[in-house]
Amino acid sequence: MASQSRPHQASGRGPARPGTPSLLRELNDRAALELLLDGRSLTRSQLSELTGVSKVTVAQMLTRLEERGLVAAVGSNSGGRGPNAALYSVVASSAYVAALYMEHGLVSTAVADVTGRVTAEAREDTNGDGDPVELVRAAVDRACQRAGVSVSALSAFVIGSPGVVDPVTGDPRWAFNLPAWHEGVLAGLRGALHKNVLIENDVNLAAMAEHAAGAATGADDFVLLWLGVGVGLSTVLGGRLHRGAFGAAGEIGWLPLPGAPVTDDVRHPAGGGMQWLAGADAVRALAEEHGFGSAGASAEEQVRAAVADSGERAGRFLDELARRVALGAVAVCTVIDPGLVVLGGEVGLAGGAALADRVAAEVARICPVRPRVVPTAVTSEPVLRGALLTAVNQARADLLASVAG
């Protein structure tokens, strides 16, 4: 993740000392701002109750935040006894963010304000090639025009990318379907946009969306098993993403599995056992092997058709697909015992509960642990949603840090 901005220190003033009035003011202001950042409108009395400080202190806090342009009165609370109380909200335009998802030949972009409200969204064909810096800059420009927001007003950029992201440099590595993404791209993006930019693995971002508003809400430990063109995995332990020493945690496509050939060619994930068994090409071939599915249909379409079909061929196809997926799930669950496995990606979404239930039964048959296996509940643009969530969290952290100024 991007490093958090350090609180700005005004010139001529050293760091606030513990217990000093300046530090207490900063802590109080941050507490009030944090309560309002989720989009709620609160009265002074409500803020006093939630922060545990007096109404007089709350009034001073709100005055300081209003002077910074971070908070504003937005109406009044009527219906109670006595005079109406003013309602305060965060100024949504105090920060904007941009999120992107880069795929082969496609870029999805969204702009949102600091409350998380999406103000513009676009999905465009990139014709497969092109300089990544120019592709991103053009996509951001178009999205900002739709949102009516200047690019200079954006305070956080998060880009979802397939492949491994170097945990030290932040550059993408091993993005096989995006060959133009290589070391140095991140510096180029930061130079072109004049802002901090974060590149994150796409499945990790989808897991963040799942954790915030999907099937993994409230789960501290879970894995998202991504079934799409490629096979991927994201691991969340103790509520935190696990990336690994080299950023390659979750590259489950390379996992050697029974029934799949073992290769020493690690230059392309198609050579890995899990990818060979459960990647999109394998799913299509499996459907044809069982005499199911129409010619030219995508893996997602074949799985969706099988779920809707009550015939024996469709059932045998789903059973075998579940067996293959379960091999990967068992390999993970016997090591980290997450308790919850979410099936995501286009195939996981298409399979729904019919596939998830079959995978759960197969895992229980061959594994000493029995996690819950459920389909994704983030049905639209999970990677982009996760990128937006990450960008908004970064923008909020920066606003809270700015209060120390």
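## The β10–β11 pair

Strands β10 (residues 222–227) and β11 (residues 231–237) pair in the antiparallel sense over six bridges. Helices and strands here are DSSP runs numbered from the N terminus, with helices being H or I of at least four residues and strands being E of at least two. Two strands pair if DSSP finds at least two bridges between them. A hairpin of three residues joins β10 to β11. Within this pairing, L224 has S234 of β11 as its bridge partner, and L225 has L233 of β11.

This is a predicted model, in which local features need pLDDT of at least 70 and side-chain atom pairs count only at pLDDT 80 or more, while totals for chains, interfaces and linings use all residues. Residues are numbered from 1 along each chain as its sequence is written, and side-chain values use heavy atoms, leaving out hydrogens and water.

## A covered strand

How many residues of β10 are buried? Six of its six residues are, so to speak, under cover; buried means under 20% relative accessible area, exposed means over 50%, and partly exposed lies in between (1.4 Å probe, protein chains only). In a regular strand the side chains alternate between the two faces of the sheet. In β10, F222, L224 and W226 are buried on one side, and V223, L225 and L227 are buried on the other.

β10 also pairs with strand β13 (residues 340–344), this time in the parallel sense over four bridges. Here the bridge partner of L225 is L343 of β13.

## The sheet around β10

Step back and you can place these strands in an open sheet of five strands, ordered β12-β11-β10-β13-β14, with mixed pairing. Its edge strands, each pairing on one side only, are β12 (240–242) and β14 (372–375). Neighbouring strands in this sheet are turned by 25° against each other on average, direction ignored. For angles, axes are lines fitted to C-alpha atoms (for helices, over the stretch in contact), and values run from 0 to 180 degrees between N-to-C directions.

Helix α11 (residues 345–366) packs on this sheet and touches β10, β13 and β14; contact means heavy atoms within 4.5 Å. The direction of α11 makes about 140° with that of β13. Helix α6 lies across β10, β11, β12 and β13, running at about 125° to β10.

## A second five-stranded sheet

Another open sheet of five strands has the order β5-β4-β3-β6-β9, again with mixed pairing. Its edge strands are β5 (118–125) and β9 (197–201), each of which pairs on one side only. On average, and ignoring direction, neighbouring strands in this sheet are turned by 15° against each other.

Inside this sheet, β3 (residues 96–103) and β6 (residues 154–161) pair in the parallel sense over six bridges. Y101 has G160 of β6 as its bridge partner. Helix α4 (residues 132–147) packs on the sheet, touching β3, β4 (106–113), β5 and β6, and its direction makes about 140° with that of β5. Helix α6 (residues 202–213) packs here too, touching β3, β6 and β9, with its direction at about 90° to that of β9.

## Helices α1, α2 and α3

Two packed helices are described by the angle between their axes and the distance between the axes. The axes of α1 (residues 21–36) and α2 (residues 44–51) come within 10 Å and cross at roughly 115°. These two helices are therefore roughly perpendicular to each other; angles under 35 degrees count as roughly parallel, over 145 as roughly antiparallel, 65 to 115 as roughly perpendicular and the rest as oblique. The contact is made by A31, A32 and L35 of α1 with L47, L50 and T51 of α2. By class, that contact has five nonpolar, one polar and no charged residues; Ala, Val, Leu, Ile, Met, Phe, Trp, Tyr, Cys and Pro count as nonpolar, Asp, Glu, Lys and Arg as charged, and the others, Gly among them, as polar.

α2 also packs against α3 (residues 55–67) at an angle of about 105°, with axes 9 Å apart, which makes α2 roughly perpendicular to α3. R44, S45, L47, S48 and T51 of α2 meet K55, V58, A59 and L62 of α3. This contact has four nonpolar, three polar and two charged residues.

## The whole protein

Altogether, the protein has twelve helices and 14 strands. Of its 405 residues, 48% count as buried. Its C-alpha trace spans about 75 × 50 × 40 Å along the principal axes.
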